[in-house]
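Please read the account below with the coordinates open beside it, and follow the helix packing, the cores, the buried polar side chains and the backbone features in turn.

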Amino acid sequence: MEYQLKRFQDGLKELDICLTEKQINQFLDFYELLVERNKVVNLTAITEFEEVVEKHFLDSLSLVRTLNMNQPFRILDLGTGAGFPGIPLKIAFPQLEIVLMDSLNKRVLFLEDVIAKLDLLKIRAIHGRAEKMARKSEYREGFDLCVSRAVANLSSLSEYCLPFVKQEGLFVSYKSGDIEEEIDQAKNAIRVLGGEIDEVEKFVLAGTDISRSFVKIKKKKRTPETYPRKAGTPAKKPL
């Protein structure tokens with residue numbers, strides 16, 4: 001199938017990302033796998049090629065606006081869903097070591113297929129909830145960077161994500177729209193969990209009028225053992 005790649009190429013140029021033909025083909029293969037599996041498993045409401053390019057691929061890769069991704073980061077993509085931002089980041093920056101974590105096994109099975117079919121190395125998908133997985137020694141405070149595009153308030157997300165981050169590591173939350181009030185309400189949670197807000201990077205998604213933000217949180221001290229609390233509590237009773 002022929003795809004119009006100008007929109008993708010323009011967006012990559014704006015982000016100063018240079019991909020090989022092999023990497024472009026991996027993105028196209030990922031798109032085809034996504035659309036095909038989406039017919040039987042609810043992975044995304046967005047299926048038109050250019051929309052997937054803008055709202056999934058380029059949005060995921062926009063992390064380069066706030067971080068140098070040419071580093072050998074060990075990354076956790078928490079609540080990865082259909083693999084965003086983890087799979088696009090892995091395709092574009094093969095040196096990254098990435099763990100994709102999701103609570104729905106059907107999505108994890110899809111991601112395992114994607115990893116195998118795109119021949120991606122140093123990346124795996126695991127099925128589990130943050131509240132339980134953060135108790136495991138192999139994951140707790142084991143990542144340089146945790147990223148999440150999950151739709152949850154920043155207080156709850158911080159409780160899910162910060163326990164996985166090493167001291168002096170980062171948690172970066174992908175956010176849209178006006179987030180000042182949400183950040184304000186999350187400050188106590190971030191402090192209790194051992195973090196502090198490092199930077200808020202606001203931008204407009206390449207070639208669109210969609211406003212986006214990265215909330216960059218630095219892990220300054222270890223997260224107390226009591227966090228995250230049991231399943232459901234962080235969402236019902238944010239810190």
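In this predicted model, helix H1, which covers residues 6-14, and helix H3, which covers residues 49-61, have axes that come within 10 Å and cross at roughly 20 degrees. Because angles under 35 degrees count as roughly parallel, H1 is described as roughly parallel to H3, and the crossing of these two helices is right-handed. On the H1 side the contact is made by Arg7, Phe8, Gly11 and Leu12, which meet Glu50, Val53, Glu54, Phe57, Leu58 and Leu61 of H3. Sorted by class, the contact between H1 and H3 has 6 nonpolar, 1 polar and 3 charged residues. An α-helix has 3.6 residues a turn, so residues three or four places apart point the same way.

One of the charged participants deserves a closer look. Arg7, which is found in helix H1, counts as buried because its relative accessibility is 13%, and the cut-off for that class is under 20%. Apart from neighbours within four places in sequence, Arg7 is in contact with Glu50, Val53, Glu54 and Leu58, and also with Ala206, Gly207 and Thr208.

How is H3 itself placed with respect to the rest of the structure? Of its 13 residues, 10 are buried, so H3 is largely enclosed by the rest of the structure. The buried residues of H3 are Phe49, Val52, Val53, Glu54, His56, Phe57, Leu58, Asp59, Ser60 and Leu61, a list in which Glu54 and Asp59 appear alongside nonpolar side chains. These buried residues pack against H1, against helix H2 (21-38), and against H4, S5 and S7.

A second pair of helices can be read in the same manner. Helix H7, residues 154-161, and helix H8, residues 180-192, have axes that come within 8 Å and cross at roughly 35 degrees, and H7 passes H8 in a right-handed crossing. Leu154, Ser155 and Ser158 in H7 meet Glu182, Ile183, Gln185, Ala186, Ala189 and Ile190 in H8, and the residues of this contact divide into 5 nonpolar, 3 polar and 1 charged.

From the helix pairs we can turn to the nonpolar interior. In soluble globular proteins, nonpolar side chains tend to be buried together. Here the largest nonpolar core has 54 residues, and those with the most contacts inside it are Leu63, Met69, Ile87 and Leu145. Leu63 touches Met69, Leu89, Leu145, Val147, Val172, Tyr174 and Phe214, when residues up to four places away in sequence are not counted. A second, separate core has 28 residues, including Leu78, Met101, Tyr139 and Ile190; Ile190 is also one of the H8 residues that meet H7.

Burial is not confined to nonpolar side chains, as two further residues show. Ser213, found in strand S7, is buried, with a relative accessible area of 3%. Leaving out residues up to four places away in sequence, Ser213 touches Ser173, Tyr174, Lys175, Gly177, Ile179, Glu201, Lys202 and Phe203. Glu131, placed in helix H6 (residues 130-133), is likewise buried, with a relative accessible area of 7%. Beyond its neighbours within four places in sequence, Glu131 is in contact with Tyr160, Pro228, Arg229, Lys230, Ala231, Gly232 and Pro234. The C-alpha atoms of Glu131 and Leu170, which are 39 residues apart along the chain, are separated by 19 Å.

Pro228, among the contacts of Glu131, leads to the backbone geometry. A cis peptide bond joins Tyr227 and Pro228, with omega about 0 degrees, and Pro228 lies in the loop between strand S7 (211-219) and helix H9 (233-236). Another cis peptide bond joins Phe84 and Pro85, where omega is about 10 degrees; Pro85 lies in the loop between strand S1 (74-78) and helix H4 (86-92).

Which residues have a positive phi although they are not glycines? Lys122 has a phi of about 55 degrees and is found in the loop between helix H5 (105-117) and strand S3 (123-127). Glu168, with a phi of about 75 degrees, lies in strand S5, residues 165-176, and is partly exposed, with a relative accessible area of 44%.

Definitions and conventions. Residues numbered from 1 in each chain as written. Predicted model: local features only at pLDDT ≥ 70, side-chain atom pairs only at ≥ 80, totals over all residues. Heavy atoms only, no water. Axes fitted to C-alpha atoms, helices over the stretch in contact; angles between N-to-C directions. Helix = DSSP H or I, 4+ residues; strand = E, 2+ residues; numbered from the N terminus. Parallel < 35°, antiparallel > 145°, perpendicular 65-115°, else oblique. Left-handed = near helix turned anticlockwise from the far one by under 90°. Contact = heavy atoms within 4.5 Å. Nonpolar A, V, L, I, M, F, W, Y, C, P; charged D, E, K, R; others polar. Core = buried A, V, L, I, M, F, W, Y, C linked by side-chain atoms within 4.5 Å. Buried < 20%, exposed > 50% of the residue type's maximum accessible area, 1.4 Å probe, protein only.
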